[in-house]
2 protein chains.
Amino acid sequence: MEATSMIAEIAKRARVAARTLANSTTEQRNQVLLNIADELEKNLDLILTANQQDMAAAKAAGINESLQDRLLLTKERITSMAQAARDIAKLPDPLGRVLVERNLDNGLNLKQKSVPFGVVGMVYEARPNVTVDAAVILIKSGNAALLRGSSTATHSNEVLIKVMKKAIASTKISEEIIQLIPSTDRATATALLTARGLVDLVIPRGSAALIRSVVDEATVPTIETGAGVCHVYVDKSADFDKAIAILINSKCDRPSVCNAAETLLVHQDIVDKFLPLALDALAKSAVTINADAKSKGIADKLNIKANLATEKSWSTEYGTLEINVAQVSDVMAAIEHISKYGTNHTEAIVAEDKDAISLFTTLNDCAAVMVNASTRFTDGGQMGFGAEIGISNQKMHARGPMGLEQMTTTTWIVSGNGQIRE
Amino acid sequence: MEATSMIAEIAKRARVAARTLANSTTEQRNQVLLNIADELEKNLDLILTANQQDMAAAKAAGINESLQDRLLLTKERITSMAQAARDIAKLPDPLGRVLVERNLDNGLNLKQKSVPFGVVGMVYEARPNVTVDAAVILIKSGNAALLRGSSTATHSNEVLIKVMKKAIASTKISEEIIQLIPSTDRATATALLTARGLVDLVIPRGSAALIRSVVDEATVPTIETGAGVCHVYVDKSADFDKAIAILINSKCDRPSVCNAAETLLVHQDIVDKFLPLALDALAKSAVTINADAKSKGIADKLNIKANLATEKSWSTEYGTLEINVAQVSDVMAAIEHISKYGTNHTEAIVAEDKDAISLFTTLNDCAAVMVNASTRFTDGGQMGFGAEIGISNQKMHARGPMGLEQMTTTTWIVSGNGQIRE
C-alpha cells in the first residue's frame, strides 16, 4: 500500500510535469536534450565515481563478467551517450504531425495529430546507459519518464538522473519529467506495473524473463520487446554465396541479440549441394550445430560435429554461437516450421525466385521479413529511425524497431462552427 | 481445461483459414462480403424465426425492454446489415498499403506494409447485428473472427454464422475464418481471453462492466472500448447560440452512447448570462440537473429544479437524460476538471478565442477534441471511416473510432541483394 501510494504520487507529479512538455516548442525540447549532453560531459568524474561504486559491489557479489561489462561506464561510453542525445535533438519532431486530414460535407475539419502518451515507464536491467537513452527519447517525444533500472546500477542511475535534472532545471520544462523509481523494492515494481490510469505505457527492456514477468504482471498497457527465434530459409533458387554470407552474419555478428538467427532451413532440392558449404562455414565460425537426421547425416560424412536436434531445439533462443539446421520440402513447409516454432520477430529468405519470395513475405506473420539480407537489419539505427527504445515483438501499436514516432499516440481535432449531429 | 483445448482447437483452425484470406485478392475478399449480403437477404425467414426464439426466451426471462429492443431483428434490420456489408465491400482495401518506404545507402529497400492481425476475438452483448458487422469488417481487413456473443442471442447468432459460412463456402476463402464461440459457458470466455499466442487481439463491445471484465481477465492484447464521461466547456468567448445547440445535441441526441456529454463546464465570467439560457434549455429537454452550489443558486432563482452535485456526480457516465453543471475559473481550470474526472474520450470547447482553443486542444489528453462542434461526432460513420467496429478509449494502437485500417498491423519488408551487417 505504501509502494502504491508512492508510485501514485510520483506518477501524478510526472503527469503535471508532462504538460509543460506537451505545451513546449520543438526548440525547447531539443534544448533540454542539448543541455543533458553538456551536463553529462561536465560531470564525467561524478558519474564515473558513482559507477565505480556499483562495479565494486557487483564484483564483490560475484556478478558475471558479461553483466559487469553492461554495468560499466567509461569516459567513451558517457561521451557516446551525450552524442546520442545531440543526434536525437537533430531528428524531426515526432509531435504535431498531421497524420490524416479530412474536410467533411457538413463543414467539419478533421485532423489526426500525433501527441505524447503522457507518462511512460521503462523497466530495464543493469545497463545505466538505458537511463539516459530512454529519458532522451521520451523527452523528445513529449513524455514524462518513470525509470526503473536494476538495483545493481543504483548509484550510477541516481547520479545520471541528478545530472539530467540539473540540465532540465535551466529550461522552462519541469525537471519532474524524469523520475527514478527505487529499484531495491519488489513492491514498487508491482505498484508501477499496476498503476492503471496513472501510467500510460510501460516498456520492459532486458532478458526474456524480465519481459515476461512485466507483461504477465502489468495491468497498464505494455509493449512487449524482445524474444527472437529468427530463421534463415534458403530456397532452391538461392544464390549460394549470398546465402552463406547472410547465414553467418545472421548467426555470428552478435549472437546475444534478438535479431540473431537461431535456425537454418534449407530447401530439400539443394540440401546435398548447399548444406556441406553451410555446415563448413558454421563449423569454421565455431558454431555448435543441432541438426535434423538428414542434415546430421551430411555433417557426419563431412566429419563436422553435429548434435541431433530435439523438439525443444527448434524453439530455443540460444543467444550464443549455436544453431539448428533442418531441411524443408518447400517454401510452404518453411513457413509452417516458422509458424510453429518462431516468435514473429524477423524471418529471412534467400531466393532468386520471385514467387517463392512473394509467398514467404505474404504468409510469414512477423515484424520484419528480410529478402536476401541478414536478419541483423531489424534495428532502428540500421533502418533509419535515428534512435531506438526497443524492438516491439507484438502486433498492437508498434511492430519492429521503435523510435520517436512509436512513442506517440494520436488525437482527433475536429473543428467546426457550431455543427450538431442531425 | 476442456474449454482451453476447445478454444485452442478453434483458434488454430481459424489461423490456418486466415492464411487463405492473407493470400487472397481484394476482389476475392469483397466477393465474400457481397455473398454474405445476398445470403442474409435470401434467408430472412430463417433468421427471423431463430430471432423469435431468442425473443420469446428473453420475454419469458423478464429481460428489460431496452435489451429486448437490442436483441430484436426485423426485416429492415437484416436488410440494413446486408447493405452495410455491400458498403464495406466498396471501401478501399486496408491491406497492402505501403505506409513507409525508404531506400538505404547500403542498397536495402524498406517497405512498411499493412497486414492483418490474424485471429481477432470479439466479445459482445445481446445485439446479433454485431455478429455480422464484426465478421464483415474483420474479413475485409483479412482477419479470422472468433465471435463470442451473449447467450440471450444464441439462436440468432447460430443462424447468422451458418448463413455467412454458406456465403463464404462458394468462394476460395475457407469458411473457418468465422467461428462462433459458445456463449453459455463462462470457462470458454476465460479460455478465449487467455489464449495468448493463439488469439492476436480481443475487442470487447458492450457495457462498461463487460469491457472492464474483459480487460481485467485478458492476457491476450485487448483494445478497450467505451466509457465516456465527456464534457462541454463553454468559454467566456463562446457564441451562446452555438453553445446551447452543441450542449443540447451532445447530451440529448442519444444519451445512452459513449460520446454523449455528462458535464457542462462554464467559464465564471459568463455564468450569470449563459447559465440561465443553458439551464432553461436543459430543463425543456427534460434533463435532470446536478449542479455545483453557484449553478444551483442560479437554477433556484429561475425555479428550475437542480440537485446539488456530489463528488461522485462528476465521474458518473449517466447514459440517460442527466447532466452535471459547474462553473470553472478559466480554460485551464476546465482542463484540470476534465483531467480529474474524465475518461479521455471526447471533450468539446465552445469558444471564439483562438488562444483558449489552442490551450484546450493541446492539453486535453483524449481521443477527440471537438472545437465548436457536438461531442456526438466521435463516430466512425460521421468521421468518414465508412465502418466502425468500436471506439477505442486507450492510447495504444488505435485511438477513437476504429474502422478497417485499425484492424490491421504492419510488417517491414526489407529487400536486398545479399547485404550483411558490417
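## Reading a two-chain model, one feature at a time

Q: How do I read exposure, and what is the relative accessible area of Glu217(B)?

A: Glu217(B) has a relative accessible area of 24%, so this residue is partly exposed. The cut-offs help here: under 20% is buried and over 50% is exposed, with partly exposed in between. Please keep in mind that this is a predicted model.

Q: With which residue does Glu217(B) form a salt bridge?

A: The general idea is that side chains of opposite charge can pair when their charged atoms come close. In this structure, the partner of Glu217(B) is Arg186(B), with the closest N and O atoms 2.8 Å apart. This pair links distant parts of the chain, since Glu217(B) sits in helix α9 of chain B and Arg186(B) in helix α8 of chain B, 31 residues apart. At 51% relative accessibility, Arg186(B) counts as exposed.

Q: Where do Arg212(B) and Asp216(B) lie?

A: Both belong to helix α9 of chain B, four residues apart, which is about one turn of the helix. Arg212(B) and Asp216(B) form a salt bridge too, and their closest N and O atoms are 3.2 Å apart. Arg212(B) is partly exposed at 45%, and Asp216(B) is partly exposed at 49%.

Q: How many salt bridges are there over all chains, and how many across the interface of chain A and chain B?

A: The count over all chains comes to 54, and across the interface of chain A and chain B there are 10. Let us look at one case, where Asp365(B) forms a salt bridge with Arg15(A) at 3.7 Å between the closest N and O atoms. Asp365(B) lies in the loop between α14 and β13 of chain B and Arg15(A) in helix α1 of chain A, so the pair joins two chains. Arg15(A) is buried at 19%, whereas Asp365(B) is partly exposed at 23%. These two residues are also part of a network of salt bridges with Asp200(A), Lys395(B) and Arg399(B).

Q: How do I read the interface as a whole, and what area do chain A and chain B bury between them?

A: The size of an interface is often given as the accessible area lost when the parts come together. Chain A and chain B bury about 5,800 Å² between them, and 52% of this is on carbon and sulfur atoms. Arg19(A), Met396(A) and Arg421(A) supply 15% of the area that chain A buries against chain B, more than any other three residues. You can also count contacts: 69 residues of chain A are in contact with 69 residues of chain B.

Q: How many residue pairs are in polar contact between chain A and chain B?

A: There are 47 such pairs, with both residues at pLDDT 80 or more. Elements that give two or more residues to the side of chain A that touches chain B include α1, β2, α9 and β16 of chain A. Of these, β16(A) gives the most, with 11 residues. That side of chain A divides into 31 nonpolar, 22 polar and 16 charged residues.

Q: What is the order of the strands in the open sheet?

A: Strands of a sheet pair through backbone hydrogen bonds, either parallel or antiparallel. Here 10 strands follow the order β1(A)-β2(A)-β16(A)-β13(B)-β12(B)-β7(B)-β8(B)-β11(B)-β9(B)-β10(B), with mixed pairing. The edges are β1 of chain A and β10 of chain B, each with a single partner strand, so one side of each is left without a neighbour in the sheet. To follow the sheet from chain to chain, find β16(A) and β13 of chain B, which run parallel and are joined by five bridges. Trwo residues to look for there are Trp412(A) and its bridge partner Ala368(B). Within chain B, β7 and β8 also pair in the parallel sense over five bridges.

Q: Is strand β4 of chain A enclosed or open, and why?

A: Five of the five residues of β4(A) are buried, so this strand is largely enclosed by the rest of the structure. Ala144(A), Leu146(A) and Arg148(A) lie on one side, with Ala145(A) and Leu147(A) on the other. Its neighbour β3 of chain A pairs with β4(A) in the parallel sense over five bridges.

Note on methods:
Residues are numbered from 1 along each chain as its sequence is written. Chains are lettered from A and ligands numbered from 1 in the order in which they are written. This is a predicted model: local features need pLDDT of at least 70, side-chain atom pairs count only at pLDDT 80 or more; totals for chains, interfaces and linings use all residues. Side-chain values use heavy atoms; hydrogens and water are left out. Contact means heavy atoms within 4.5 Å. Buried area is the accessible area (1.4 Å probe) that two parts lose on being put together, summed over both. A salt bridge is a side-chain nitrogen of Lys or Arg within 4 Å of a carboxyl oxygen of Asp or Glu. A polar contact is a pair of N or O atoms within 3.5 Å; within protein, one must be able to donate a hydrogen and the other to accept it, and residues adjacent in sequence count only if both atoms are side-chain atoms. Ala, Val, Leu, Ile, Met, Phe, Trp, Tyr, Cys and Pro count as nonpolar, Asp, Glu, Lys and Arg as charged, and the others, Gly among them, as polar. Two strands pair if DSSP finds at least two bridges between them. Buried means under 20% relative accessible area, exposed over 50%, partly exposed in between (1.4 Å probe, protein chains only).
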